Amino acid sequence: MERFFIDLKNYHEVSTNGKIPILVRRWGHGPRVLLVHGWLDSSLRWTDLGERLGRHYEVWALDLPSFGQTPAISLDYTTLEIYAAILAEFILEITNEQELHGLLGHSMGAQLSLLLLKRMLPAKRVIVCGAPVADVKWLHPVANRPKLVTNCLSAFKTLPIGLQIPLVKLGKLIALRSWTAAKNEQQTLADVDVRAAATLLKQVCACDLLDDLEPCSADVLVIHGQYDPYVSRAASECLAERLNGLFYKFQGSHHAPMVEKPERFYHVVKDFLDGYREF
């Protein structure tokens, strides 16, 4: 594990305490690939995939602010745009301002990856998985009440992990936590700043990128879980079409195929990073 330091003064007029340390993980050597986690998640999500891809690529993942082992920042800075700016600076750091070979984002991380595409960030291949690019209408009543989300997550954090895992399946909001129980992962909701999570959930639900995206120079693959309860197939297909990219329906999977079908997910990702375009 490493640390990447960033000064938020570059992105906001509000005063800050200076540079913050962002936890970074790296596997392997070769062309550089960046993996971006989603909401209520961390770089631990990518341990299995990072180790596999690390046989062929230099793979990077980081904990976004307020998640995992990266400290929380002011809610004034907790925006998707600033998170995308942090990722852009990190990419320039690890590539020496050259083209990134691959960028893979999941869920909120997919939204951030698409925001990077809008910035014309040079990336050779971009994979988005479970991208909430259109309104997630059923979540709006909850997402627009950040205090409710904060209270629910705060109460949930008091439970031992042995109780957390069964209970994540009780409701749609709590189910958003279910894919973060990865194999060999010790992370619990104790690693999430709940106020920041509530702030970001509202932004994730309101961020409709479809009208703003245009075909780009990068090759794009949109992965859609067959039974994804949060993102519709129509929205994923529309996204692939808008970016002149490829659409891949991941059979038998829900929102997180990297957890449910890790072996097959690895092969799909590696094939695309290797330049394979028949799906």
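This report walks through the nonpolar cores and the salt bridges of the structure above. Keep in mind that we're looking at a predicted model.

**Nonpolar cores**

Let's start with the greasy part. The largest nonpolar core takes in 62 residues. Its best-connected members, going by contacts inside the core, are Leu34, Trp39, Leu64, Phe67, Leu112, Leu114 and Leu239. If you want to know which element feeds this core most, look at helix H2, residues 80–95, which supplies 10 residues. There's another core lying apart from this one, with 25 residues, including Trp27, Leu35, Val59 and Leu104.

Leucine 64 is a handy place to zoom in on the 62-residue core. Leaving aside residues up to four places away in sequence, leucine 64 touches Val36, His37, Thr70, Tyr83, Leu87, Met108 and Leu112. Leu112 also shows up in the list of residues with the most contacts inside the core.

**Salt bridges**

Now for the charged side chains. The count of salt bridges comes to 8, and three of them are worth a look here:

| Acidic residue | Basic residue | Closest N to O distance |
|---|---|---|
| Aspartate 41 | Arginine 45 | 3.2 Å |
| Aspartate 48 | Arginine 52 | 2.8 Å |
| Aspartate 219 | Arginine 125 | 4.0 Å |

Take the aspartate 41 and arginine 45 pair. Is aspartate 41 buried or exposed? Aspartate 41 is buried, at a relative accessible area of 0%. Arginine 45 is buried too, with 5%, so this salt bridge has a buried residue at either end.

The aspartate 48 and arginine 52 bridge sits within one helix. Both residues belong to helix H1 (residues 47–53), and because they are 4 residues apart there, about one helical turn separates them. Arginine 52 is buried, with a relative accessible area of 15%, whereas aspartate 48 counts as partly exposed at 26%.

The aspartate 219 and arginine 125 bridge is a long-range affair in sequence terms, linking distant parts of the chain 94 residues apart. Aspartate 219 is in strand E7 (residues 219–225), while arginine 125 is in strand E6 (residues 123–129). Here aspartate 219 is the partly exposed partner, at 26% relative accessibility, and arginine 125 is buried, at 11%.

One last thing: some of these bridges share partners. Asp48, Arg52 and Glu263 are joined that way into one network, so the helix H1 pair of aspartate 48 and arginine 52 also belongs to a network with Glu263.

Conventions: Residues are numbered from 1 along each chain as its sequence is written. This is a predicted model: local features need pLDDT of at least 70, side-chain atom pairs count only at pLDDT 80 or more; totals for chains, interfaces and linings use all residues. Side-chain values use heavy atoms; hydrogens and water are left out. A nonpolar core is a set of buried Ala, Val, Leu, Ile, Met, Phe, Trp, Tyr and Cys residues joined through side-chain atoms within 4.5 Å. Buried means under 20% relative accessible area, exposed over 50%, partly exposed in between (1.4 Å probe, protein chains only). Helices (H or I, at least four residues) and strands (E, at least two) are DSSP runs, numbered from the N terminus. Contact means heavy atoms within 4.5 Å.
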